[in-house]
Amino acid sequence: MLVYFFGWPVWLLTQVIPQFIASAIGTYLFYAQHNFPGVSFFDRHGWAYEKAALESSSYMKTGPVWAWFTANIGYHHIHHLNARVPFYRLPEVLKEIPELGKPKTTSLHPLKSSAVCV
């Protein structure tokens with residue numbers, strides 16, 4: 001419908017490009033939170049749910065604006081422990097459970113978030 005009335009350039013500028021940018025940002029966030037120096041990967045025999053949640057995902061310190069836009073995805077290790085915790089309660093969980101207070105951390109900086117592949 002948009003293409004019919006306004007042409008493909010308007011469709012490209014209002015639908016395709018914003019979707020591409022949002023997908024790229026989301027993909028990078030996923031990558032950064034699962035591939036960082038110190039990440040642990042386990043085989044089937046060494047794998048445990050809690051261990052994988054805390055050692056294979058990270059905490060990413062963000063500012064309040066970025067935390068709002070990403071629904072507190074910086075608290076990724078808590079999300080992996082229990083995905084049913086609402087995003088707006090993740091900071092409370094971090095404060096209330098001392099064991100979650102020293103997670104592996106990562107950054108949005110590309111050189112700090114990539115795991116070394118040998």
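This passage describes the fold, the surface and selected residues of a predicted model.

The secondary structure of the protein consists of 7 helices and 2 strands. In sequence order, these elements follow the pattern α-α-α-β-α-α-α-β-α. The radius of gyration is 18 Å, whereas the globule rule gives 13 Å for 118 residues. The value is well over that of the rule, so the protein is more spread out than a compact globule. The C-alpha trace spans about 55 × 40 × 25 Å along its principal axes.

Burial was computed for the whole protein. Of the 118 residues, 25% are buried. The accessible surface amounts to about 8700 Å². Carbon and sulfur atoms account for 67% of that surface. Contacts were also sorted by separation in sequence. Among those between residues at least 6 apart, 53% join residues at least 24 apart.

A nonpolar patch lies on the surface. The patch is formed by L13, I17, F20, I21, I25, V65, W66, W68, F69 and L108. Together these residues have about 1100 Å² of accessible area. Two elements, α2 and α4 (64-69), give two or more residues each to the patch. Helix α2 gives the most, with 5 residues. One of the patch residues, I17, is found in helix α2. I17 has a relative accessible area of 36% and is therefore partly exposed, since this value falls between the 20% and 50% limits.

Helix α2 covers residues 8-34 and also holds S23. The relative accessible area of S23 is 36%, so this serine is partly exposed. A polar atom of the S23 side chain lies 2.9 Å from the backbone oxygen of Q19. This pair falls within the 3.5 Å limit for a polar contact. S23 and V39 are 16 residues apart along the chain. Their C-alpha atoms are separated by 24 Å.

V39 appears again in the surroundings of a second serine, S56. S56 is found in the loop between α3 (49-55) and β1 (59-60). Its relative accessibility is 15%. S56 counts as buried because this value is under 20%. A polar atom of the S56 side chain lies 2.3 Å from the backbone oxygen of S40. Neighbours within four places in sequence were set aside when the contacts of S56 were listed. The contacts are Q33, H34, F36, V39, S40, F41, F42 and K51. S40 thus enters the description of S56 both through its backbone oxygen and as a listed contact. The two serines are set apart by their exposure: S23 is partly exposed, whereas S56 is buried.

Charged side chains were examined next. Side chains of opposite charge can pair when their charged atoms come close. The structure holds 1 salt bridge. In this salt bridge the side chains of E92 and R89 meet, with an N to O distance of 3.0 Å. The pair satisfies the 4 Å limit for a salt bridge. E92 has a relative accessible area of 38% and is partly exposed. R89 has a relative accessible area of 40% and is also partly exposed. Both values lie between the limits of 20% and 50%, which means that neither residue counts as buried or as exposed.

Terms used. Residues numbered from 1 in each chain as written. Predicted model: local features only at pLDDT ≥ 70, side-chain atom pairs only at ≥ 80, totals over all residues. Heavy atoms only, no water. Helix = DSSP H or I, 4+ residues; strand = E, 2+ residues; numbered from the N terminus. Buried < 20%, exposed > 50% of the residue type's maximum accessible area, 1.4 Å probe, protein only. Polar contact = N/O pair within 3.5 Å; in protein donor to acceptor, adjacent residues only side chain to side chain. Patch = residues over 30% accessible without salt bridge, like charges linked within 9 Å, V, L, I, M, F, W, Y side chains within 5 Å. Areas by Shrake-Rupley, 256 points an atom, 1.4 Å probe, with all protein chains shown as cover. Rg over C-alpha atoms; globule rule 2.2 N^0.38 Å. Contact = heavy atoms within 4.5 Å.
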